[in-house]
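User: I'm new to this structure and would love a close look at one part of it. Could you pick a spot, walk me through its surroundings, and then link it to the rest?

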Amino acid sequence: MLYRNRMKKILYYFLFSPIFLSAQINESDTLSVKASLSITGFYQGGNVETLIFRAKTDFSFKPWKKWVFKNQNSYIYQEFGKTKADEDILSLNFLYLNPERRIYPFVLGFVSTNFRREIDLRYLLGAGATFQILNKNDNWLKLSISSEYEQTDFSKTNFNYLEYNGNKSINTLRGTIWANGKYHVFKNKIIVNHEFYFQPSLEDSNNFRWQSDVGLEFPVWEFLNFKINYRHTFESIVIENQKQEDRFLTFGFTLKSY
């Protein structure tokens, strides 16, 4: 019963909260408002109970004539044998200026938590520029470069690198390289999307992370796609005895407004 109530609360939160009425949105599109909601997961019952649930939203709108605000949110929950293994929240927020141009600037603010990594709170604030490599017939590819200030608050103070032991918060300046794209192939029967980034610290060579997120979508209806998603993450600095890599393979649907 507790499990069912938890899942209902999660679903209601993502489906009915206004900011989450929203796969991956191209901020350079001409539409004033765009939104999508992607839900993927996996469940196995019986001798071994396994639950993986992932929800992702994208929402963008134009607050002013030359500006576009984009909000991306994701939630991951995992249970193995009714024991919680993950409960992660990530909110990415961008404000772009003149995103219809080949090169345009942006500012960003990120907030996240991570149960398995024992990260109570992480936030980043920064700015950068995006380069449009391809933007034609619903196919697009973009590269971005940015720099951020980051603070990460951990619940423990023993790390895999001894030099960080005793610090409950780790602060650094980072640089980030992004590669995002979306492609319609086989006469729009398959949609391929990806988000890759690499984030090294500009101060400490052993402090870096990267993530790759690849999705395949198969249109079912004008506003509904079946989706297969693979996500691979790496963190160089982790709590002692934790693994640095995580992988997720999930299946589900994307609901969009465009």
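Analyst: Let's start at Pro-219, which counts as partly exposed because its relative accessibility is 38%; here buried means under 20% relative accessible area, exposed means over 50%, and partly exposed covers what lies in between, with a 1.4 Å probe and protein chains only. Before going further, please note that this is a predicted model, in which local features need pLDDT of at least 70, side-chain atom pairs count only at pLDDT 80 or more, and totals for chains, interfaces and linings use all residues. Residues are numbered from 1 along each chain as its sequence is written, and side-chain values use heavy atoms, with hydrogens and water left out.

Pro-219 belongs to strand S10, residues 208–221. Strands (E, at least two residues) and helices (H or I, at least four) are DSSP runs, numbered from the N terminus. Beyond its neighbours within four places in sequence, Pro-219 is in contact with Asn-188, Lys-189, Ile-191, Leu-224 and Asn-225, where contact means heavy atoms within 4.5 Å. Thr-254 is 35 residues away from Pro-219 in sequence, yet the two C-alpha atoms are 9.1 Å apart in space.

Next to Pro-219 in the numbering is an aromatic residue, so let's turn to the rings. Rings of Phe, Tyr and Trp (its six-membered ring) pair if their centres lie within 6.5 Å; planes under 30 degrees apart are stacked, over 60 edge-to-face, and the rest tilted. By this rule there are 20 aromatic pairs. Phe-94 and Tyr-96 make a stacked one, with 5.7 Å from centre to centre and 15° between the planes, and both of these residues are buried. Phe-218 and Phe-226 form a tilted pair, because their planes stand at 35° with the ring centres 6.4 Å apart. Phe-218 counts as partly exposed at 27% relative accessibility, and so does Phe-226 at 29%. Elsewhere, ring pairs link Phe-94, Tyr-96, Tyr-104, Phe-106, Phe-110, Trp-178 and Tyr-197 into a cluster.

Tyr-197 also brings us to the empty space inside. It is one of the residues nearest the centre of the largest cavity, along with Leu-90, Leu-92, Gln-211 and Arg-231, out of a lining of 50 residues. A cavity is found on a 1 Å grid over the protein atoms alone, as a set of points where a 1.4 Å probe fits but cannot get out, and lining residues have an atom within 4 Å of a point. This cavity holds about 800 Å³ of space; a volume is the space filled by probe spheres set on the points, which are joined across faces, edges and corners. Its lining divides into 22 nonpolar, 13 polar and 15 charged residues, where Ala, Val, Leu, Ile, Met, Phe, Trp, Tyr, Cys and Pro count as nonpolar, Asp, Glu, Lys and Arg as charged, and the others, Gly among them, as polar.

The second largest cavity has about 70 Å³ of space. Its lining has three nonpolar, two polar and five charged residues. Strand S7 (139–154) and strand S8 (169–185) each supply at least two of them, and S7 gives the largest share, three residues. Ile-237 is among the lining residues too. Ile-237 sits in the loop between strand S11 (224–235) and strand S12 (245–256), and it counts as buried because its relative accessible area is 7%. Among the residues it touches are Phe-159, Tyr-161 and Ile-170. Phe-159 is 78 residues from Ile-237 along the chain, with 6.9 Å between their C-alpha atoms.

Finally, let's step back to the whole chain. It has one helix and 12 strands, and 47% of its 258 residues count as buried. The mean pLDDT is 86, and 88% of residues reach 70 or more; pLDDT is the predictor's confidence in each residue, from 0 to 100. Confidence is highest in S7, at a mean of 96, and lowest in helix H1 (residues 2–16), at 43. Over residues 7–23 pLDDT stays under 50. Where pLDDT is low, the predicted coordinates should not be read in detail.

Definitions and conventions
On a 1 Å grid over the protein atoms alone, a cavity is a set of points where a 1.4 Å probe fits but cannot get out, and a pocket is an open set with protein on both sides within 12 Å along at least five of seven lines; lining residues have an atom within 4 Å of a point.
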